[in-house]
Amino acid sequence: MAYTPLGEGRLRGHRTLTEIARRHNATPTQIMLAWVMRTQNVIAIPKASSAAHVEENAGSLDVSLTEEDLQEIDKAFPAPKHKIPLAGW
């Protein structure tokens, strides 16, 4: 399960995500959710404060990220090399 899969909104303006979103005619939010949901048996519980947000989140199911997209995301957001506490804990 992805905890705060959208980085609490802080990542929506990231250049890599906005470029990938442009290529897919999607939003950065949809790209982030498609990335989280690309693996079987993983779920995401994104916050949605309006019907429009729910619709945007659902649109991520129509995004198929390419291998190139995944490599760009991995390069922009490398896995941490040590444990990192959750924000606010």
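How many of the nine residues of helix 2 are buried? In this predicted model, the count is eight of the nine residues in helix 2, which spans residues 28-36, so the helix is largely enclosed by the rest of the structure. The buried set opens with Pro-28, Thr-29 and Gln-30, continues through Ile-31, Met-32, Leu-33 and Ala-34, and is completed by Val-36.

It helps to see what does the enclosing. The buried residues of helix 2 pack against three other helices: helix 1 (15-24), helix 3 (51-59) and helix 4 (67-76). Two of these neighbours, helix 1 and helix 4, appear again in the account of charged side chains below.

Turning to those charged side chains, four salt bridges are counted in the model. A good place to start is helix 1, where the side chains of Glu-19 and Arg-22 meet in a salt bridge with an N to O distance of 2.5 Å. These two residues are three positions apart in helix 1, and therefore about one helical turn separates them. Their surroundings can be described too: Glu-19 is partly exposed, at 29% relative accessible area, while Arg-22 has a relative accessibility of 56% and counts as exposed, because the cut-off for that class is over 50%.

From helix 1 the picture extends to helix 4 by way of Arg-23. A salt bridge joins Arg-23 to Asp-69, with 2.6 Å between the closest N and O atoms. This pair links distant parts of the chain, since Arg-23 belongs to helix 1 and Asp-69 to helix 4, 46 residues apart. Arg-23 is partly exposed, with 36% relative accessibility. Asp-69, in contrast, has a relative accessible area of 2% and is buried, because that class covers values under 20%.

Arg-23 also forms a salt bridge with Glu-72, and here the closest N and O atoms are 3.0 Å apart. Glu-72 lies in helix 4 and Arg-23 in helix 1, so this pair ties together parts of the chain that are 49 residues apart in sequence. The relative accessible area of Glu-72 is 24%, which makes the residue partly exposed.

Taken together, these contacts form a connected group. Through salt bridges that share partners, Glu-19, Arg-22, Arg-23, Asp-69 and Glu-72 are joined into one network. Helix 1 and helix 4 are thus linked by the salt bridge between Arg-23 and Asp-69, and both helices also serve as packing partners for the buried residues of helix 2.

Terms used: Residues numbered from 1 in each chain as written. Predicted model: local features only at pLDDT ≥ 70, side-chain atom pairs only at ≥ 80, totals over all residues. Heavy atoms only, no water. Buried < 20%, exposed > 50% of the residue type's maximum accessible area, 1.4 Å probe, protein only. Helix = DSSP H or I, 4+ residues; strand = E, 2+ residues; numbered from the N terminus. Contact = heavy atoms within 4.5 Å.
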